[in-house]
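Colleague: I'm new to reading protein models, and I'd love a close look at one part. Could you walk me through how the helices meet, and what they rest on?

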Amino acid sequence: MPFIDCRTAVKLSRETRERIKTRLGRAIAVLNKPESYLMIGFTDGYDLWFAGKRAEQGAYVSVSLFGGASASACEKMTAQICSILQEEANVLPSQTYVSYHPVENWGWNGSDF
């Protein structure tokens, strides 16, 4: 039950969102989570500042997980997220933060896991 909330300063075309979504769907396996339960949200044109300056090519990506993941798995996922965003949307890894949020209680389809 992962959710990836991807906020980018750059505008993303529908095609770019699709490519990022597809690649994140493959990458989520690093965290031992299936793509079949992955939800992804995009907010583009998001106002971001980094180190006191406007981050024109930046991103904030929040990854929520039912349960959690190891620090090494999160590090691998961060590398993949940064690579995907740089290759697909010219988002700079040096202007990208990724956070991980383990969740104990997760609801879906009218009940909790």
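Modeller: Happy to! Let's begin with a word we will need: contact here means heavy atoms within 4.5 Å. Please keep in mind that this is a predicted model.

Find helix α1, residues 14-27, and helix α2, residues 71-89; they pack at an angle of about 160°, and their axes are 10 Å apart. Angles over 145 degrees count as roughly antiparallel, and so α1 is roughly antiparallel to α2. The crossing of α1 past α2 is right-handed.

Now look at who touches whom. From α1 come T16, R19, I20, R23, L24 and A27, and they meet a set of α2 residues that includes M77, I81, I84, L85 and E88. Sorted by type, the residues of this contact are 8 nonpolar, 3 polar and 4 charged.

Next, the sheet. This open sheet has 4 strands in the order β2-β1-β5-β6, with mixed pairing. Its edge strands, β2 (39-43) and β6 (96-103), each pair on one side only. From one strand to the next, the twist averages 10°. As a reminder, strands of a sheet pair through backbone hydrogen bonds, either parallel or antiparallel. Strand β1 (residues 3-8) and strand β5 (residues 59-66) pair in the antiparallel sense, over 6 bridges. To trace one of them, start at D5 and look for its bridge partner in β5, S62.

Finally, put the pieces together. Helix α1 packs on the sheet, where it touches β1 and β2, and its direction makes about 145° with that of β2. Helix α2 packs on the sheet too, touching β1, β5 and β6, with its direction at about 135° to that of β6.

Key:
Residues are numbered from 1 along each chain as its sequence is written. This is a predicted model: local features need pLDDT of at least 70, side-chain atom pairs count only at pLDDT 80 or more; totals for chains, interfaces and linings use all residues. Side-chain values use heavy atoms; hydrogens and water are left out. Axes are lines fitted to C-alpha atoms, for helices over the stretch in contact, and angles run from 0 to 180 degrees between N-to-C directions. Helices (H or I, at least four residues) and strands (E, at least two) are DSSP runs, numbered from the N terminus. Angles under 35 degrees count as roughly parallel, over 145 as roughly antiparallel, 65 to 115 as roughly perpendicular and the rest as oblique. A crossing is left-handed if the near helix is turned anticlockwise from the far one by less than a right angle, and right-handed if clockwise. Ala, Val, Leu, Ile, Met, Phe, Trp, Tyr, Cys and Pro count as nonpolar, Asp, Glu, Lys and Arg as charged, and the others, Gly among them, as polar. Two strands pair if DSSP finds at least two bridges between them.
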